[in-house]
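Reader: I have a structure open in front of me, and I would like to learn how to read it. Could you take me through it step by step?

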Amino acid sequence: MTALISIQGGAKRFVKGRETITIFDHLDMTIEAGDFIAIMGPSGSGKTTLLNLLGGIDRATSGSITFAGQRLDQMSEGQLSNWRAANVGFIFQFYNLMPALNAARNVELPLLLTSLGSGERRSRVETALKIVGLAERAKHYPREMSGGQQQRVAIARAIVADPKMLLCDEPTGDLDRKTADEILSMLQLLNKEMGKTIIMVTHDPEAARYASRVLHLDKGRFVEQVAA
Amino acid sequence: MTDFSLILANLFSRKLRAILMLVAIFFAFLIFGVLAGVQNGFNNIGGAAGENRLVTINKINFTQPMPISYIERIRAVEGVARASYANWFGGYYQEGKNQIVTFAIDPEFYMDIYATDYKLSADQRAAFLADRSGLLVGQKLAERWGWKLGDRIPLSSNIYTNKNTGKQTWDFTIVGILEPAQENADTSVAFFHHAYFNESVTFGQDTAGWIVIETTDKALNTDVSKRVDAMFANSPAETATDTEKAFNQAFVGQLGNITLIVTLVVGAAFATILMIVGNTMVMAVRERTKEIGVMKTLGFPSGRIFKMVLGESLLLAMLGGLPALGVAAVLLTMMRKAVGFPGLALTLDFTALGIAIMLALGLLTGIVPAWNALRLNIVTALGRQ
Amino acid sequence: MRILNQTIAVCSINLRSLPERFWLSFSTVIAVAMVVTVLLGFLALAAGFKRTLDGTGSDGIAIMLRDGSQQEVNSVVMLDQVRLIGEAPGIVRKDDGNPLISGELYVIVDGVRRSTGLKANLPLRGIGKDGAALRDGLTITQGRMFEPGSNEIVVGEGLVREFAGFDLGSEVRLGTGTWKVVGVFSMNGAVFESELWGDATVVQSLFRRGSSFQTVRVRLETPEAIEQLREYVAGEPRLKLEVFSEKGYFAGQSSNTVKLIQNAGWPLAIAMALGALAGALNTMYSSVASRSREIATLRCLGFGGFPSFAATLLESLVLAGIGGLIGSLGIFLFFDGFSTSTLGQGFTQIVFSVSLTPDLVKQGIMLALLVGLIGGFFPALRAARLPIVAAYAQG
């Protein structure tokens, strides 16, 4: 198993007024391709910040982030945009779908960053929606769907461009138990069947059980816990 | 889905708001379109034809007549192809309020010079030349009063008295109907023989109200004008000669500073929508902060997002403005038919100006929100860390 | 009473939170102000023009024109007709028994407008010896009256203000002669202030009018005596004249131009008002949306829907009202009393001052409030019927 993404000496600090707040310092982590990792920790521990760094939407104050041999910390904003489009799918706690677009168009969004033709895009969208089991809701708008359905559309959006890595920020935080389980099972499926590397931030121990590895982040340090 | 359909979806994400913006923009450009037509009418009095036509009037003022002997001397001037004369009759039909634009004209050459404006069939022209009390009426005038060829009608003058009857009325027979020879020609006019006029007025005999000159080449306009005026300088009736267009414009220009009024009203309308639409676009894009953050997360480059927000403003301006110009053109056509004022139309150059203003409006209302979107930090946009 | 207290409370919360929605609210105020500015601008122009003509002429003076002429410039009255009129009943006579009568000419000359430098037609009136005596309210404000038989002229204040070349002491070329300006006169802003006056006989000779005039003026013993005069004229076959009271004549001259200005102004104002209405609706809907949490909370606390309705409507009316006041104030400060001139019926310029009256301001404010009412009504309904849960879920 090869290392897909790794952080070396990662630090994140920012200045607030006259204070310098350190989220973490000298953080090292390695994630293998095909991993399903859950990152847990108390609020304020920097879990989301870490996820943002892994996704290239935030920059580390110092340290290096390497993805498949490329140094993310040395890329420009434009390069990071392109890299994200090709390699990462995001799943958020509150779905973050575009309310002005229906499900199919929401899922199609990442494909607008590729050079695929409209016919090809359409078939990919259909496939993605089928995988998450929402093919018949393609024309529905987010406001017409339940939380669980919206999250599934978000997952379809995250996988439609076939990225290597999925980053999930509290994906089940807004869902009831039953729906949460459905979503997590789907993530597991994507990991096992389609080989997607999944990094999930969560505070729910039940959710963490779906992962193959659990990391605890506390005061900027990792403590590993083997999945039960 | 294309970037365009994405822009469209974003624009109409709040349908009511988008419609209200479109309505506001629509009315602003409607006002612009109609007033542009008015301005154009004012700029182009007299129509396109007649660029080599000059008008000679008494230098004192156009209400002072000139001796009719001037016409032969003017015809002999170098550069003059044809010349004719006319007198203002001050006509009305039956009642003082039914004013009729009537001229006593030199029958031979006047209609020839104005053949660019009025079409007269050969036999009707012959009939006119044969009948001294013959009257030529414009098509519009005939339609208005239901006059037909052969009708005998009385026309009165609020200036002259008919010495044969002691009253102010003359009898005429309609021998010709004038059709417009070009789009802008105004056919609410009537012409009759100057000789008929001359032999029956109690004063003002052997005078010409104004003389119209057709030069051989419009490049000679200034020279001919100078020569004519020089010919009559220091005589009891000095002349002032100028192009017909200048003469007409000076006349309407006396109504007031129309250009200024048009500019002020249009300016007020645009200033208003600039504020309304500008503020609304800033607000609308701010509401989409999170969405923009998500787009960036998906990998959309900042530049592309910038273009999409700007595109939204431009699309809004176009969708509101273009139909407005269309409606303005229709309204102007209706006004033109009702008022008979040629030139009341939305011309190409004003249309181009309107489109330029639409683009400017789109840019001005979109630049701030687009810039904000460009510079948006993803983490901040997505919310708390 | 509870409703009233609730309403007052919500209204004041609402108005106090206006600064948060400042820019959008401000744009509505400006939109309404622009509408009122355009409307009042046109109406004040028309009113000023009409006022000048209405205020011109007295009903104690009769003016006679040739039958059917409509305007002075078209009329022709011969000397013998003037003499005949002098024998009419009902007109004032001088101490020596001769009638107080002025045969007058009205010729058009050129002048140059000060503001644009463009040419304009101005009236030169040749007045008889009694001409000045037949003008009520005439005062010579600079210089003196012209000498009879000379080529001196006096000019009206309005004309001097608007047109160049006629200042006191100037020499001007009118017709075939040179004239000297020896005085400036005022007449309470009447149309006569847009005129040049000279001696009738001199005008006749220099403009080759022989011994003909265009109008005749007499003073009536009483305003009712005009009927006697009319009877006399009707009974005299050599006098084919129309008799007007001077006041009546001028009042009739204004209608075309006034109607033109009004017919241009109202449609423009309405088109702008519709645009402003769209803007007002937009502002108010946004206002309701931004306050939706607050409105929902009030409802949870037990406030009914009406207070929110009233508060939203009030907000709209206040914004529109302020816009209306600003628009009116703008016209008043920058435009009222502004002197300009336009073409009168006789093809000559009539100088007048823009006149903004309280009645016009009322019309302007009415239009503003109408925009505010409609612009606030529907959003107010929405505020009143806001579903509470949706409000909390929003944003």
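Author: Happily; let us begin with domains, whose bounds come from an automatic or database domain assignment. In chain C, the C-alpha centres of domain 1 and domain 2 lie 48 Å apart. Domain 1 of chain C covers 2-54 + 255-393, and domain 2 of chain C covers 68-239.

Reader: Before we go on, what kind of model is this, and how are residues and chains labelled?

Author: This is a predicted model: local features need pLDDT of at least 70, side-chain atom pairs count only at pLDDT 80 or more, and totals for chains, interfaces and linings use all residues. Residues are numbered from 1 along each chain as its sequence is written, while chains are lettered from A and ligands numbered from 1 in the order in which they are written.

Reader: Thanks! How many residues does each domain of chain C bring to the contact?

Author: First the general idea: two residues are in contact if their C-beta atoms, placed from the backbone, lie within 7 Å. Here domain 1 of chain C gives 12 residues and domain 2 of chain C gives 17 residues. On the domain 1 side, α2 (22-54), β12 (339-343) and β13 (349-353) of chain C each give two or more residues. The largest share, four residues, comes from β13(C). Such element names are DSSP runs numbered from the N terminus: helices are H or I with at least four residues, strands are E with at least two.

Reader: What is the chemical make-up of that domain 1 side?

Author: Sort the residues into classes: Ala, Val, Leu, Ile, Met, Phe, Trp, Tyr, Cys and Pro count as nonpolar, Asp, Glu, Lys and Arg as charged, and the others, Gly among them, as polar. The side of domain 1 of chain C that touches domain 2 of chain C has four nonpolar, eight polar and no charged residues.

Reader: How do I read the overall form of chain C?

Author: Use the radius of gyration, taken over C-alpha atoms, and set it beside the globule rule, 2.2 Å times the number of residues to the power 0.38. A compact globule of 395 residues would have a value near 21 Å, but chain C has 30 Å. Its C-alpha trace spans about 95 × 45 × 30 Å along the principal axes. The secondary structure of chain C comes to 12 helices and 13 strands.

Reader: And what does the same reading give for chain A?

Author: Chain A has seven helices and 10 strands. Its radius of gyration is 18 Å, close to the 17 Å that the globule rule gives for 228 residues, so chain A is as compact as a globular protein of that length. Along the principal axes, the C-alpha atoms of chain A fill a box of roughly 50 × 40 × 40 Å.

Reader: What share of the residues in chain A is buried?

Author: A residue is buried if 20 or more other C-beta atoms lie within 10 Å of its own, exposed if 12 or fewer, and partly exposed in between, with C-beta atoms placed from the backbone. Buried residues make up 47% of the 228 residues in chain A. In chain C, 51% of the 395 residues count as buried.

Reader: Could you show me one helix in detail?

Author: Take α5 of chain A, residues 147-159. The expected span of a helix is 1.5 Å times one less than its number of residues. For the 13 residues of α5(A) that gives 18 Å, and the end C-alpha atoms are 19 Å apart, which agrees. Helix α5(A) is mostly covered, with 10 of its 13 residues buried; among them are A:Val153, A:Ile155 and A:Ile159. The buried residues pack against β6 (88-91), α3 (103-108), α4 (118-131), β7 (165-169) and α6 (177-194) of chain A.

Reader: Is B:Tyr196 buried or partly exposed?

Author: B:Tyr196 has 19 C-beta neighbours inside 10 Å, so this residue counts as partly exposed. B:Tyr196 sits in helix α7 (residues 194-200) of chain B. Leaving out residues up to four places away in sequence, B:Tyr196 touches B:Arg132 and B:Ser133.

Reader: Finally, how does chain B meet the other chains?

Author: With chain C, 38 residues of chain B are in contact with 40 residues of chain C. Both α2 (15-43) and α10 (258-287) of chain B give two or more residues to that side of chain B, and α10(B) supplies the largest share, 11 residues. By class, this side has 23 nonpolar, 14 polar and one charged residues. With chain A, 16 residues of chain B are in contact with 23 residues of chain A. There the largest share of the chain B side, five residues, comes from α11(B).
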